[in-house]
Amino acid sequence: GRIEQVGTPAEVYDRPASPFVHHFLGQVNIFAGRSVAGHAKVGDLVVAPSWDRAVAAEGDVRVFVRPHDIEISRRRDPICLIPATIAQLIPTGPSTRLELVRSDDGTRVAAEIPHERRIDLDLRRGDAVFIGFTRYEVYDRPLDFHI
């Protein structure tokens with residue numbers, strides 16, 4: 001083994017040093033994308049690398065997003081640009097876990113939203129929605145672990 005990162009629990013969780021650390025600390029969605037002029041493009045959504053992480057100007061990237069950081073909307077908006085369909089809704093007390101299937105590439109996305117948000121949006125299995133995220137990490141190196 002080797003030490004991947006040293007820091008307080010908050011530092012390691014909020015600013016993981018590698019894809020391995022990010023995945024090790026809990027469930028994560030991994031979006032495949034392309035780096036364009038130093039920004040990550042996932043579907044129609046373009047995001048800048050967070051904090052001080054730089055990515056290659058061109059090439060493949062992976063965007064890591066935790067389920068509770070997935071945003072959901074009934075309509076396409078500036079954040080929610082990726083079309084998806086709700087495959088499962090699982091109420092878990094104060095929150096609802098959702099399994100979504102991206103309409104553009106068929107990959108599955110796990111989301112967790114507050115119970116009130118699900119009611120406000122009147123979400124049901126089979127509904128078409130748009131997803132996005134504002135909290136994420138971008139990595140441009142190949143994954144050094146298996147999922």
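User: What is Arg102, buried or exposed?
Analyst: A quick note first: this is a predicted model in which residues count from 1 along each chain as its sequence is written, and local features need pLDDT of at least 70, side-chain atom pairs count only at pLDDT 80 or more, and totals for chains, interfaces and linings use all residues. Side-chain values use heavy atoms, with hydrogens and water left out. On relative accessible area (1.4 Å probe, protein chains only), buried means under 20%, exposed over 50%, and partly exposed in between. Arg102 has a value of 5%, so it counts as buried.

User: Which strand holds Arg102?
Analyst: Strands here are DSSP runs of E, at least two residues long, while helices are runs of H or I with at least four, and both are numbered from the N terminus. By that count, Arg102 sits in strand β7.

User: Which residue has its C-alpha 5.9 Å from that of Arg102?
Analyst: Contact means heavy atoms within 4.5 Å. Leaving aside neighbours within four places in sequence, Arg102 is in contact with residues including Phe31, Val42, Ile82, Val109 and Ile131. The C-alpha 5.9 Å away belongs to a residue 19 places along the chain, Pro83.

User: Which side chain forms a salt bridge with Arg102 at 2.8 Å?
Analyst: A salt bridge needs a side-chain nitrogen of Lys or Arg within 4 Å of a carboxyl oxygen of Asp or Glu. Arg102 has one with Asp105, where the closest N and O atoms are 3.4 Å apart, and Asp105 is partly exposed at 42%. The 2.8 Å partner is also partly exposed, at 39%, and it is Asp104.

User: How many salt bridges does a search of the whole structure find?
Analyst: Besides the Arg102 pairs, there is a network linking Asp14, Asp69 and Arg135. Arg108 also bridges to Glu99, with the closest N and O atoms 2.3 Å apart. Of that pair, Arg108 is exposed at 55%, and Glu99 is partly exposed at 29%. Searching the whole structure gives a total of 10.

User: How many residues does the largest nonpolar core have?
Analyst: A nonpolar core is a set of buried Ala, Val, Leu, Ile, Met, Phe, Trp, Tyr and Cys residues joined through side-chain atoms within 4.5 Å. Among those with the most contacts inside the largest one are Phe31, Leu100, Ile131 and Phe133. The elements giving two or more residues to this core include β4 (58-65), β7 (95-102) and β9 (128-133). The core's residue count is 26.

User: Which residue numbered in the 100s touches Ile131 besides Leu100 and Arg102?
Analyst: Setting aside neighbours within four places in sequence, Ile131 is in contact with residues including Ile70, Ile72, Cys80 and Ala84. Its contacts also include Leu100, Arg102 and the one you're after, Val109.

User: Which residue has its backbone nitrogen 2.8 Å from a polar atom of the Asp127 side chain?
Analyst: Asp127 lies in the loop between α3 (115-121) and β9, and it is buried at 16%. Beyond four places in sequence, it touches Arg74, Ala84, Thr85, Ile86 and Asp122. The backbone nitrogen in question belongs to Arg124.

User: What is the phi of Asp122?
Analyst: Asp122 is in the loop between α3 and β9 and is partly exposed at 40%. Its phi is positive although it is not a glycine, at about 50 degrees.

User: Which strand gives the largest share of the lining of the largest pocket?
Analyst: On a 1 Å grid over the protein atoms alone, a pocket is an open set of points where a 1.4 Å probe fits, with protein on both sides within 12 Å along at least five of seven lines, and lining residues have an atom within 4 Å of a point. The largest pocket has a volume of about 200 Å³, and of its 13 lining residues the closest to the centre are Gln27, Arg97, Leu98, Ala110 and Ala111. β6, β7 and β8 each supply at least two lining residues. The largest share, 5 residues, comes from β8.

User: How far apart are the C-alpha atoms of Gly93 and Ala48?
Analyst: Gly93 is in the loop between β6 and β7, and it is exposed at 55%. Ala48 is 45 residues away along the chain, and the C-alpha separation is 34 Å.

Technical notes
A polar contact is a pair of N or O atoms within 3.5 Å; within protein, one must be able to donate a hydrogen and the other to accept it, and residues adjacent in sequence count only if both atoms are side-chain atoms. Grid points are joined across faces, edges and corners, and a volume is the space filled by probe spheres set on the points.
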